[in-house]
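Reader: Please take one part of this model and look at it closely. I would like the surroundings of that part described as well.

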Amino acid sequence: MSKSNISRRQAQYAGYLLFILAFVAVGFPLMAPLGFKMLILIPAAFAIGMIGFWLGGFIHKKMQEE
């Protein structure tokens, strides 16, 4: 792969945003019938986002090593 000009922090935030949007896009139609009970899943969205944050940093580090 080619070297990127983005910083590690930008890669982490991009991964975070990507995972949050994916969680909302996939999960929202499934959770909408729950009504206000789905508010309990907001922390789950941030937890899923943290996986993307870690993964973005990990991928950036691996790309810089090559």
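Author: What follows starts from one residue, Gln-12, and then turns to its surroundings. The model is predicted: local features need pLDDT of at least 70, side-chain atom pairs count only at pLDDT 80 or more, and totals for chains, interfaces and linings use all residues. Residues are numbered from 1 along each chain as its sequence is written, and side-chain values use heavy atoms, with hydrogens and water left out.

Gln-12 sits in helix α1, residues 8-31; helices (H or I, at least four residues) and strands (E, at least two) are DSSP runs numbered from the N terminus. With a relative accessible area of 11%, Gln-12 is buried, a label for values under 20%, while exposed is over 50% and partly exposed lies in between (1.4 Å probe, protein chains only). Leaving aside residues up to four places away in sequence, Gln-12 touches Gly-52, Phe-53, Gly-56 and Gly-57, where contact means heavy atoms within 4.5 Å.

Those four residues are among the buried ones of α2, together with Ala-45, Gly-49 and His-60. The buried residues of α2 pack against α1. Helix α2 covers residues 42-65, 24 residues in total, and its first and last C-alpha atoms are 35 Å apart, close to the expected 34 Å; the expected span is 1.5 Å times one less than the number of residues.

Ala-45 also lines the largest pocket, along with others including Ile-20, Phe-23, Phe-28, Met-38 and Phe-46. α1 and α2 are the elements that give two or more residues to this lining, and α1 gives the most, with five. The lining has 11 nonpolar residues, no polar and no charged; Ala, Val, Leu, Ile, Met, Phe, Trp, Tyr, Cys and Pro count as nonpolar, Asp, Glu, Lys and Arg as charged, and the others, Gly among them, as polar. On a 1 Å grid over the protein atoms alone, a pocket is an open set of points where a 1.4 Å probe fits, with protein on both sides within 12 Å along at least five of seven lines, and lining residues have an atom within 4 Å of a point. The space in the largest pocket is about 150 Å³.

As a whole, the protein has two helices and zero strands. Its C-alpha atoms fill a box of roughly 45 × 15 × 15 Å along the principal axes. Buried residues make up 21% of the 66 residues. Of the contacts with a separation of 6 or more, 82% join residues 24 or more positions apart.

Conventions: Grid points are joined across faces, edges and corners, and a volume is the space filled by probe spheres set on the points.
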